[in-house]
Amino acid sequence: MMVMDGVYLGSPAYALGSRKQHVRESAEAGLLRSAASDLEAAGFRWHHVCGPDESAYDLARQAVAEIAGNGGLRDIDAIVYATCLPEPQQHPVRDVKMLMDFPASRLQAEFGLRDAIVVGLHQQACTGMLGALRVAKALLVSEPSWRRILCVTADRFPDGAWYEQAYNVISDGAAACVVGREPDVCRLLTVHHITNGGLGRAGDDETVGTYFAYTHRIVRETADRIGATPPELEWIVPQNTHEQAWRILARLLAVDHGRVWHPSLPDVGHVISADVMVNLAALLASGQAQPGDRIALAMAGFGLNWQCAALEVTR
Amino acid sequence: MTTLITGADGYLGRRIATALLGSDDLVLGVRAADNAELNRKRAALAHLSHLGHQVVPVDLRDDDPFAYVDPGRITRIVHAAALIRFDLERADAEQVNVTGTARVREFAERCDRLDRLMFLSTLYAAGRRRGDIRESRLGDVGFVNHYEWSKWAAEELLLDSDLPVTILRLPTVIAEDATGAIGQFNVFHHTLRLFHRGLLTLVPGDPATPLSLATAEFTADAAVAMLAANPGIYHACAGPVALGEVIETAFTVFEADPDFQRRMLPRPVSCDRAAFLDLADAASRLRGGALQPVLPSLLPFAEQLYLPKTFRADRLRAAWPGYREHDSLAVVAAAARALVVALADRRADSDAAVSRGASSERAASGSQTAEKGRAHAAAR
């Protein structure tokens, strides 16, 4: 498998729902299905929920505004926007163009990205952000004149929904980054994806039950794509899930558990497709990742989908 | 010969009783809380009692469990009664499997004409040993669960006596016979069911760990054959199969099942002991998690899958004229096929129940509509 060369990832940014709640508070409010004590035993403490007037688009705009504030939105040729939940509709729809108020187009207009085209991804669930990286890389390969692609993910749970999926506490949130040809903080080596549509309607227990075999496989195959074995990866940055899950996976993969980086678990929980970027930003900010270190970003989502991106720290 | 069988209505006790039907006068000991239960059990064993064989209450928890058996008649005892669960509490295991066996021994010592006392034990009386396990008396090296310990302790009680004792250590029974028909679901079937449903994708144990799996037919035949052999210790097992081979064989069967194919489930990954304990710990706290009903029996057994051992059966083979070794992997495949059929039947039953529920809901809703119609008419 040829490794992608000359494609870089930078400017990771994120935004979270404005209300920060403890899981006990949310359990009392009927927002969770499991007992708060069980979720705390799994490592969850806090999560972030949107206010009544806060939308997924608001969170996306906030994350992208951070990139814009650092001058990162220059030369954007495309926006790849990943979501997994439809925007809630307030009223019955007579004119279906109401359903085509696309957030990527709104972002393009709002940030004046006049040269950017838009691409939407909405069937990869919690792995969508990694799917956006993959599509961005493919666009850079197929469009030699393009320079930089803005990748965005944003989701917000509808009012009244449980903020718990497959035993994970959920936060509303968004993340964004830029994939481009110019050297940046990480080189994007590869993105690998497995879908099992046979489990498309899987319940929580099947989702958890199949998590280990598939996550083991996706990380192993991703490492293989870059000519490495899992223990040779310096870091694994997963989505936030039950803290024992990665203790188990680290053993299966023969990876040092101390190299599995998900420090935001107690503070934000699982941010749908965004927590992998929350954790990546934390790793890069920690100064612990050294140039040459290889990082696997691993995510699982409904569909069922599993994706893993391999990065190499450049500076 | 007059043979007393304890646990005669149990899975293997019943089979052994049937096998001895033509040659022995049988006294069939069954546990019954009261006369009603005793009568139910007599009815279940009617094919034996109608031939003149006696069905008597024998509860090993009683001080005198053999009050209804004349010791002067008994020439052989097959002690099959036991609590057989890997998640037994120590007190329960001790009360029935150890103290109960002590009561069998006391009774046997009163049987003047006794020719043989056969105790059905388990291969896992070997406890935490690894490597070759011979057909000989075992020391205490520690045990994975109280069930194993209780069987070992019961063996010791009998081997310390002067009675003509045969210890038959049994394998894991996974099917009735070569057809794979499942007579009794146990941890083997429950674990395969989790794999089939995609609820578990980790396999505890080293894939190379040998397993001793057998049919009830083979096991009962071994018991009958060893009743005729000299007293001693025997392992009722055929050639071992590796855990990894068992999983591969079961998945080859599953993957031919259209329902399984549609879900495209992955083959499971082997994990070390610590990882499996972590999984069990996490699963035990998941709200209504699907592993929870199986974990109590799987966990105490899974530990053995990290303690590879091979049970030698040289004495059994030498003492069993016409010994036939079955193909253990063929039995695994047949049992996996039977399990797939059982799961499909269960799904069909469940679908039918849902469909019946929907019909009666429609009917109820129809009658409600009629009620409303009548109410409106009355109002008019």
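Let me begin at a single residue, Gly198(B), which comes directly after helix α6(B) and has a positive phi, near 75°. Please keep in mind throughout that what we are looking at is a predicted model.

Staying with that helix for a moment, α6 of chain B covers residues 187-197, and it is mostly covered, with nine of its eleven residues buried. Which residues of α6(B) are the buried ones? They are Val187(B), Phe188(B) and His189(B), then Thr191(B), Leu192(B), Arg193(B) and Leu194(B), and finally Phe195(B) and His196(B). At the other end from the glycine, where α6(B) starts, Asn186(B) places a side-chain oxygen within 3.0 Å of the backbone nitrogen of Phe188(B), and Phe188(B) is itself among the buried residues of the helix.

Now let me step back to the whole of chain B. Its secondary structure consists of 13 helices and 15 strands, and its C-alpha atoms fill a box of roughly 90 × 50 × 40 Å when the box is taken along the principal axes. Of the 380 residues in chain B, 54% are buried. If we consider the contacts in chain B that have a separation of 6 or more, 79% of them are between residues 24 or more positions apart.

Chain B is divided into two domains, and here the numbering needs a little care: domain 1 runs over residues 2-170, whereas domain 2 is assembled from three stretches, 179-211, 241-308 and 325-364. Their contact takes twelve residues from domain 1 of chain B and 13 residues from domain 2 of chain B. The C-alpha centres of these two domains lie 30 Å apart, and between them the domains bury about 1100 Å², with 58% of that area on carbon and sulfur atoms.

How many salt bridges are counted between domain 1 and domain 2 of chain B? The count is one. As for the residues involved, Arg128(B) and Glu303(B) form a salt bridge in which the closest N and O atoms are 3.5 Å apart. On the domain 1 side of this contact, the residues that touch domain 2 of chain B divide into four nonpolar, three polar and five charged. Across the same domain interface in chain B, five residue pairs are found in polar contact, with both residues at pLDDT 80 or more.

That brings me to the last part, the meeting of the two chains. Here 27 residues of chain A are in contact with 28 residues of chain B, and the area buried between the chains is about 2200 Å², of which carbon and sulfur atoms give 58%. Three salt bridges are counted between chain A and chain B. One pairing that you can look for in the structure is Asp38(A) with Arg285(B), whose side chains meet in a salt bridge at 3.1 Å, N to O.

Eleven residue pairs are in polar contact across the interface of chain A and chain B, again with both residues at pLDDT 80 or more. On the side of chain A that touches chain B, the elements giving two or more residues are α2 (36-41), α6 (204-225) and α7 (243-253) of chain A. Which of these elements gives the largest share of that side? The largest share comes from α6(A), with ten residues. Taken by class, the residues on this side of chain A are nine nonpolar, ten polar and eight charged.

Note on methods. Residues are numbered from 1 along each chain as its sequence is written. Chains are lettered from A and ligands numbered from 1 in the order in which they are written. This is a predicted model: local features need pLDDT of at least 70, side-chain atom pairs count only at pLDDT 80 or more; totals for chains, interfaces and linings use all residues. Side-chain values use heavy atoms; hydrogens and water are left out. Domain bounds come from an automatic or database domain assignment. Contact means heavy atoms within 4.5 Å. Buried area is the accessible area (1.4 Å probe) that two parts lose on being put together, summed over both. A salt bridge is a side-chain nitrogen of Lys or Arg within 4 Å of a carboxyl oxygen of Asp or Glu. A polar contact is a pair of N or O atoms within 3.5 Å; within protein, one must be able to donate a hydrogen and the other to accept it, and residues adjacent in sequence count only if both atoms are side-chain atoms. Ala, Val, Leu, Ile, Met, Phe, Trp, Tyr, Cys and Pro count as nonpolar, Asp, Glu, Lys and Arg as charged, and the others, Gly among them, as polar. Helices (H or I, at least four residues) and strands (E, at least two) are DSSP runs, numbered from the N terminus. Buried means under 20% relative accessible area, exposed over 50%, partly exposed in between (1.4 Å probe, protein chains only).
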